[in-house]
Amino acid sequence: MQTQMLIGGKWLDGSDPNRIAVLNPANGDVIAEVAAGTPADATAAVDAADTAQRSWAATAPRVRSEVLRNCWQTLIDHTEELAGLITAEHGKPTADAKGEIAYAAEFFRWNAEEAVRIDGTIKTAPSGAHKIIVHHPPVGVVVMVTPWNFPAAMITRKVAPALAAGNACVIKPPKETPLTALRIGELLEEAGVPAGLVNVVPTQSSGSWFDAATEHRATRMVSFTGSTEVGRVLLKRCADRVLKTGMELGGNAPFIVFNDADIEAAVEGAIVAKMRHSAEVCTAANRMFVEAGVADEFTDRLAAAMGAMKVGPGTEEGVTCGPMINAGAIETIDGLVQGALAAGATAAVGGAPIDGPGFFYAPTVLGDVTMESPITKEEIFGPVAPVIPFTDTDTVIDWANDTEMGLASYVFSGDVARAMSVGERIHAGMVGINRGAMSDPAAPFGGMKQSGLGREGAHEGIFEFCETQYIAANW
Ligand code: NAD
């Protein structure tokens with residue numbers, strides 16, 4: 001297990017004498033103590049990245065592409081080991097952790113293909129006086145700040161396109177899940193990523209670390225995934241140096257089920273949209289809007305499916321819902337549930353934490369929730385599905401859009417034309433029609449409104465890590 005930090009290809013102890021204690025959320029035990037970086041370490045990492053980036057940017061795209069392809073293969077070859085680390089520090093069931101590695105690795109294969117297709121354009125100026133040549137050089141050094149809910153994928157979704165475009169990375173992983181991040185840094189070097197291009201510097205003083213990293217004159221971009229609250233703070237700090245930003249922020253996804261939906265498929269989709277990765281997902285269905293004619297049937301069937309889930313340590317055979325990340329998460333989730341119950345909701349199943357050790361919450365379905373309930377306003381980030389009955393399409397679209405968030409949304413209907421037209425009216429960056437999963441490295445992931453700025457993945461994703469340069473030429 002790698003517990004030192006990675007700067008310029010060297011494994012180092014952090015300058016902070018207090019190491020970061022990493023907990024296993026299934027029992028609260030400390031499983032490792034990881035080197036903690038200081039602002040000085042952040043500066044050193046940007047120095048190293050700056051040096052490495054110059055020669056990487058000058059490396060042929062085909063060579064970069066082949067290194068990225070090796071990264072994909074190397075991560076796939078280490079699926080068992082990486083999934084074990086994810087389950088140990090995050091808690092998610094082993095099957096979800098393996099799924100995360102497949103998804104995380106795929107960003108390297110996809111961007112290996114994109115590295116040689118960073119298209120530009122050439123055209124004649126309307127005046128006929130010159131040629132307009134547009135191309136896309138790399139941004140330079142990118143500072144990446146990532147969350148704990150996908151310890152691998154939220155890193156690779158940034159690193160792969162950044163490297164493909166010719167950039168270098170300084171990563172601040174979350175203090176809850178640094179082990180996966182450090183091992184990925186190590187594996188990428190084994191796969192051929194030159195030293196200094198990917199630096200991994202955990203810290204327990206994220207504010208001052210971030211200030212040092214972004215005040216460095218070589219830093220040109222910040223790519224952040226995390227809560228909207230922290231995203232706002234970082235955007236303000238980035239304004240001081242007018243840094244380019246990519247922001248993947250919080251969600252409050254509506255999940256709309258019409259009377260004509262295939263209810264079995266809708267319940268299966270709801271379980272996927274709500275419960276995968278132990279429900280700690282930014283695209284998680286947060287508000288289940290169900291048309292009145294099927295609200296009771298949907299609620300009963302969803303409650304049966306949620307009640308049948310096996311809750312326990314992610315390493316245990318058959319477990320489908322692991323622990324939450326920490327005690328604070330349990331408190332937040334239970335506060336929202338108790339608030340909804342006090343506002344008149346009923347618990348069709350669950351409704352309370354499960355006694356320790358570890359941080360477990362019973363899969364919960366709340367019926368008869370109203371739009372006034374505080375649970376409809378907040379990102380739950382836990383295994384709780386509030387069902388809000390509706391009777392009218394325009395009203396449910398208004399309710400779906402009655403939030404500052406706009407990341408994911410879901411529509412289930414037997415009439416695909418209706419589902420499509422409702423989907424188009426929802427202010428969200430991503431819409432699932434009759435399906436509960438949508439993440440795909442080949443698709444543009446990201447949010448509208450306060451759910452973020454920019455997109456990760458797809459053909460568009462690589463351009464987030466590029467500049468646009470125009471050359472006016474005569475010949
Ligand atoms: P968080 O915002 O608390 O933390 C994210 C990262 O920011 C962590 O590395 C944290 O250490 C760091 N951080 C916190 N305060 C900071 C500061 N002042 N300066 C610099 N860095 C700071 O989020 P979290 O609890 O780790 O993750 C859950 C959140 O992430 C949810 O809101 C979820 O929706 C969101 N998320 C979004 C996406 C997406 O793609 N849109 C994906 C995953 C998670």
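**Exercise 1. The largest pocket and the two domains**

Work out where the largest pocket lies with respect to domain 1 and domain 2 in this predicted model.

*Solution.* Start with the division of the chain: domain 1 covers 5-249 + 451-473, and domain 2 covers 253-440. Their centres, taken over C-alpha atoms, are 31 Å apart. Next, look at how they meet: 22 residues of domain 1 touch 28 residues of domain 2, where contact means heavy atoms within 4.5 Å. Now check who lines the pocket. Both domains give residues to the lining, so the largest pocket lies between them.

**Exercise 2. What the pocket is made of**

Describe the lining of the largest pocket, from its centre outwards to the elements that supply it.

*Solution.* First, the space: the pocket holds about 1,200 Å³. Then the lining, which has 49 residues, with Trp 148, Gly 226, Ser 227, Glu 229 and Val 230 nearest the centre. Four elements give two or more residues each: α7 (206-215), β10 (219-225), α8 (228-240) and α11 (327-342). Of these, α8 supplies the largest share, 6 residues. Finally, sort the lining by class: 20 residues are nonpolar, 18 polar and 11 charged.

**Exercise 3. Enclosed spaces**

Find how many cavities of 30 Å³ or more there are, and describe the largest and the second largest.

*Solution.* The count comes to 3 cavities of 30 Å³ or more.

Take the largest cavity, with a space of about 50 Å³. It is lined by 14 residues; Pro 254, Ala 400, Met 405, Gly 406 and His 427 are nearest the centre. At least two lining residues come from each of β12 (253-257), α12 (393-401) and β19 (405-406). By class, this lining has 8 nonpolar, 5 polar and 1 charged.

Now move to the second largest cavity, with about 40 Å³ of space. Its lining includes Met 221, Ser 223, Gly 246, Met 247, Glu 248 and Arg 455. Two elements, β10 and β11, give two or more residues to this lining, and β11 gives the most, with 3 residues. The classes here are 4 nonpolar, 3 polar and 4 charged.

**Exercise 4. A pair of helices**

Decide how α4 and α5 are oriented to each other: roughly parallel or roughly antiparallel?

*Solution.* Begin with the geometry. Helix α4 (residues 94-114) packs on helix α5 (residues 153-165) at an angle of about 5°, and their axes are 8 Å apart. Angles under 35 degrees count as roughly parallel, and α4 and α5 are therefore roughly parallel to each other. Then see which side chains and backbones to inspect: α4 brings Glu 100, Tyr 103, Ala 104, Phe 107, Phe 108 and Asn 111 to the contact, while α5 brings residues including Thr 156, Arg 157, Val 159 and Leu 163. Sorted by class, the contact has 10 nonpolar, 2 polar and 2 charged residues.

**Exercise 5. Two backbone details in loops**

Locate a cis peptide bond and a non-glycine residue with a positive phi.

*Solution.* For the peptide bond, go to Gly 356 and Pro 357: they are joined in cis, with omega about 10°. Pro 357 sits in the loop between β15 (353-354) and β16 (360-361). For the positive phi, go to Val 242, where phi is about 50° although the residue is not a glycine. Val 242 also belongs to a loop, the one between α8 and β11 (244-248). You have met both of these elements already: α8 in the lining of the largest pocket, and β11 in that of the second largest cavity.

Note on methods:
Residues numbered from 1 in each chain as written. Predicted model: local features only at pLDDT ≥ 70, side-chain atom pairs only at ≥ 80, totals over all residues. Heavy atoms only, no water. Axes fitted to C-alpha atoms, helices over the stretch in contact; angles between N-to-C directions. Parallel < 35°, antiparallel > 145°, perpendicular 65-115°, else oblique. Nonpolar A, V, L, I, M, F, W, Y, C, P; charged D, E, K, R; others polar. 1 Å grid on protein atoms, 1.4 Å probe; cavity = no way out; pocket = protein on both sides within 12 Å on 5 of 7 lines; lining within 4 Å. Points joined across faces, edges and corners; volume = space filled by probe spheres on them. Domains from an automatic or database assignment.
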